[in-house]
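Trainee: I would like a close look at one part of this protein. Please take me through the sheets, strand by strand, and then show me what lies around them.

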Amino acid sequence: MRNHRILQAILLFAVILSAGSCKKSTISPKPPKPADDPQKENVTFTFSAADSKYASLRETVSVTADNPGKAVVTVDWGDGAKDSDNGTAFSHKYTAAGKYKVKAGANGGNEEWDVEISSLLALDEAVKELYKTPKRVWVMTHRAHTTDRSVPENSIAAVRASIQAGADVIETDTHRTKDGKVVISHDESIDNHTDGKGKITNMTLEAIQRYHLTDRGGSVTQEVMPTLEEFLMATRGKIYVNLDYSPRTASTREVLDVVEKLGMLQQVFLYCKDASFVKEVFRSNPEANAYVRSEDYTALLDGGKQYFLQVGWNSGQTKSSECVIRCGTAYKAGVLCSVNLLHVNHDYIPEYSIDEGQLNSLFNLYPECQMISTDCPQEMVAILKRKGYNQ
């Protein structure tokens, strides 16, 4: 009997072990945690206009998504346009000026940015349209000059006067101060255009701005030498700017740093004294715009965009002149022609008026011309319209 009870106990223990073993074998593996699901990985975003909160009309702005799990990303551009897919690159061009809120989201996470779109057409777009419109000629005002000699050249007041005169482009010059600020001045010293003396590269910005600019008659004004940032902010959304920098003391990178900070790459082009500077501009930022003398125009072709070359008119040029032939060849390659009609180059060109005979000769030699540099923008605008341009 005792042996029988021991046998029963052994059998009962075996049944319990067996039951436990069967129960354990039916447990399903735990589902992966949401964090392990690539669709749930965090997505981060970068907006190209986030720092400046600014862009030009029809300039390409972009949202880049770091999206390793290929989650569905939705971008709302704020003007009624939306994009949605599992990619990483989203771009847009605004067709109306205004202030917009850009929203990007994925996996329940969202990011927002404010952006202001100016009414000034992006330079890339504007130059393409100009090339397609032969009777359209831009007026570029030299050193922001007008015929009002009470306004100091390269000043904030000169910016306002140039815009009022109807100019399309302001040409200006840049130098670097001792403390690394980029300022607007044609000369490397302050001697000729302020009531002070000194070399800009040897002076701090504070020291320079203790002095006042003189007007074109030599009288002292209340204007001080502006920084590049101050100058560009006065132009932003209103007029294009040609920065004559490469023969000056500010470097390519220093100039572009300011332009990029303000979101104004599509409002500014940089004058380069030779092909090496053109290449440096493109290396620094492939989206930048360059402008160069006609001898070096082929360097522009590497950029894949349309640009201007520069040539100066003078009374000795003929149809067979090398510079005239070069401009025609460049135009066929997509490079637009800009011609200087400036007293600073030839003293037989009047500084404060326009000789229509000279202007007629200019168009005869350079029928491709679509930008004229002058010290008399208001007068040039009026004459061009009378001659049937810019209608």
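Mentor: What follows covers two sheets, the loops beside them, and then the cores. Keep in mind that this is a predicted model.

Start with the sheet of 5 strands. It is open, with the order E2-E8-E7-E4-E5. The pairing is mixed. Strand E2 (54-57) sits at one edge and strand E5 (82-85) at the other, and each of these pairs on one side only. From one strand to the next, the twist averages 20 degrees.

Now go inside this sheet. Strand E4 covers residues 73-76, and strand E7 covers residues 98-106. The two pair in the antiparallel sense, over 3 bridges. For a landmark, find valine 75: alanine 104 in E7 stands opposite. As background, strands of a sheet pair through backbone hydrogen bonds, either parallel or antiparallel.

The other sheet has 3 strands. Read its order as E1-E3-E6. This sheet is also open, and its pairing is antiparallel. Strand E1 (44-47) and E6 are the edge strands, with pairing on one side only for each. Neighbouring strands here are turned by 15 degrees against each other on average, direction ignored.

Look at E1 and its partner. Strand E3 takes in residues 60-66, and 4 bridges join E1 to E3. The two run antiparallel. Phenylalanine 45 makes a good marker, with alanine 65 in E3 opposite.

Then move to the E6 edge. Strand E6 spans residues 89-93, and alanine 89 belongs to this strand. Is alanine 89 buried or exposed? Alanine 89 counts as exposed, because its relative accessibility is 63% and the cut-off for exposed is over 50%. Valine 63 is 26 residues away from alanine 89 along the chain, yet their C-alpha atoms are separated by 6.2 Å.

Next, the loops. Lysine 70 lies in the loop between E3 and E4. Its phi is near 55 degrees, a positive value in a residue other than glycine. Most residues other than glycine have a negative phi. Lysine 70 is partly exposed, at 45% relative accessibility.

Arginine 143 also has a phi near 55 degrees. Find arginine 143 in the loop between strand E9 (138-142) and helix H3 (156-165). Arginine 143 counts as buried, because its relative accessible area is 11% and the cut-off for buried is under 20%.

Now the cores. The largest nonpolar core holds 69 residues. Which residues touch the most other members? They are Leu232, Phe363, Tyr366 and Ile372. Helix H7 (residues 275-284) supplies the largest share of this core, with 5 residues. Another core, of 38 residues, lies apart from it. Val73, Trp77, Ala106 and Val115 are among the members of that other core. In soluble globular proteins, nonpolar side chains tend to be buried together.

Tyrosine 366 deserves a closer view. Leave out residues up to four places away in sequence, and tyrosine 366 touches Val311, Gly312, Gln317, Cys323, Val324, Cys327, Cys337 and Val339.

Finally, the cysteines. How many disulfides are there? The count comes to 0. Cysteine 272 is buried, with a relative accessible area of 0%. Cysteine 376 is buried too, at 1%.

Conventions: Residues numbered from 1 in each chain as written. Predicted model: local features only at pLDDT ≥ 70, side-chain atom pairs only at ≥ 80, totals over all residues. Heavy atoms only, no water. Core = buried A, V, L, I, M, F, W, Y, C linked by side-chain atoms within 4.5 Å. Buried < 20%, exposed > 50% of the residue type's maximum accessible area, 1.4 Å probe, protein only. Helix = DSSP H or I, 4+ residues; strand = E, 2+ residues; numbered from the N terminus. Contact = heavy atoms within 4.5 Å. Disulfide = S-S within 2.5 Å. Pairing = 2+ DSSP bridges. Axes fitted to C-alpha atoms, helices over the stretch in contact; angles between N-to-C directions.
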